[in-house]
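Trainee: I'd like to learn how to read aromatic rings in a protein model. Can you walk me through it?

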Amino acid sequence: MKIIKHSEEVLKIALISKDMHLVRLYEKFEPKEKHFLNEAFQPASVLFKPITLHSESDWICSHPEPTQDFAQFYHDPCRKMPTPQKNRIYVQPIGSFGDSRVSTDVYMKWLKDYGEAFYYGLTVRILGPVPVSHTGCAFRVNEYTRNLQIHAGMGIFSFARYDSEFYSANYKGTLKTAKKLLPSDYSVFDGYYTPEITSKLLLRSCKTLTHEIGHIFGLHHCQWLQCVMQGSNHLEESDQRPLDLCPICLRKLQSALGFSIAERYKALQRWMEEEATGTEEGLSNEASMSFVKSVSAFGLTGRSPARSARCGCGKPAVLEGWNRSDRLGI
């Protein structure tokens with residue numbers, strides 16, 4: 001086990017910078033926002049912890065990458081920023097969800113709403129599902145696990161791979177046929193098993209969705225503090241990541257989108273507390289009333305125990321990361 005612990009001065013520079021223009025921009029934050037962001041370099045911070053590496057197979061050990069501080073992000077000529085004409089995030093479902101208790105439409109609505117809270121100020125649109133054959137992606141059957149694997153030059157989140165049983169001999173999606181498949185024969189995906197949608201799968205989906213979209217806006221893998229933008233090589237490492245951004249990555253995203261930090265946390269807290277109702281756009285009354293958003297796994301993110309905080313209305317913020325709201329006076 002190894003802990004990556006940067007000095008107070010290094011973290012302060014990574015967050016605020018030595019560039020006087022960027023320092024002046026930082027000073028424009030509201031006092032409570034600055035107090036919150038300053039937790040990045042407080043040695044005794046209870047909100048943001050150093051990164052812990054548990055094995056040589058962890059991402060940072062096996063993928064040496066340069067760090068990216070706020071100044072490097074801000075001055076990157078290739079980073080993306082929304083415009084009035086381009087302010088939507090599109091999510092393309094591929095294939096079907098297979099055997100599930102939860103309606104696909106309801107589940108995608110949960111992901112859509114979470115994406116809009118996380119990337120506060122932008123709209124997330126879920127496109128109509130397409131079969132795997134429409135993507136033209138190459139695929140193979142793993143010779144050891146007999147599981148289907150898609151290869152693509154883009155970010156694809158596999159619901160199957162994030163099932164706890166995917167790498168075990170008990171996985172229900174293991175293919176029984178041993179015949180060699182042609183590169184153009186996608187029929188093997190017809191009726192392919194997809195894991196049941198659970199609170200844990202929803203948690204993993206929210207993490208992966210926001211992590212991959214973060215790269216689109218120019219955020220590199222985080223190596224400063226525990227953060228959803230940390231890279232991960234395996235499911236255990238992914239589960240150890242928190243749901244939210246560290247202050248350095250949060251400032252990067254705020255710089256790109258221009259949101260109020262406090263309002264963003266309010267939106268995330270609302271997502272945690274709201275249940276599907278018959279008034280939700282795009283869902284039938286029957287579908288929206290049949291499923292309750294399960295967030296039980298969200299209180300167990302990271303290795304430190306979940307901590308409850310209270311917002312201004314007296315309700316507990318049940319999500320560990322969202323206990324940050326009390327530092328913003330929410």
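Mentor: Sure, let's start with one ring: Trp-271 is buried, at a relative accessible area of 3% (buried is under 20%, exposed over 50%, partly exposed in between, with a 1.4 Å probe and protein chains only). Bear in mind that this is a predicted model, where local features need pLDDT of at least 70, side-chain atom pairs count only at pLDDT 80 or more, and totals for chains, interfaces and linings use all residues. Residues are numbered from 1 along each chain as its sequence is written, and side-chain values use heavy atoms, leaving out hydrogens and water.

Trainee: How many aromatic pairs are there in the whole structure?

Mentor: In general, a pair of aromatic rings is described by the distance of the centres and the angle of the planes. Rings of Phe, Tyr and Trp (its six-membered ring) pair if their centres lie within 6.5 Å; planes under 30 degrees apart are stacked, over 60 edge-to-face, the rest tilted. A search here finds 11 pairs. In one of them, Phe-36 and Phe-48 have centres 5.7 Å apart and planes at 70°, so they are edge-to-face.

Trainee: What kind of pair do Tyr-114 and Trp-271 form?

Mentor: Tyr-114 and Trp-271 are edge-to-face, with 4.9 Å between centres and 70° between planes. Tyr-114 is buried too, at 1%. Both belong to one aromatic cluster with Phe-118, Tyr-119, Phe-217 and Phe-298.

Trainee: Which residue lies over the face of Trp-271?

Mentor: Lys-293 does, 4.2 Å from the ring centre. The rule is that NZ of Lys or CZ of Arg is within 6 Å of the ring centre and within 35 degrees of the ring normal. Likewise, Arg-264 lies over Phe-118's face at 4.6 Å.
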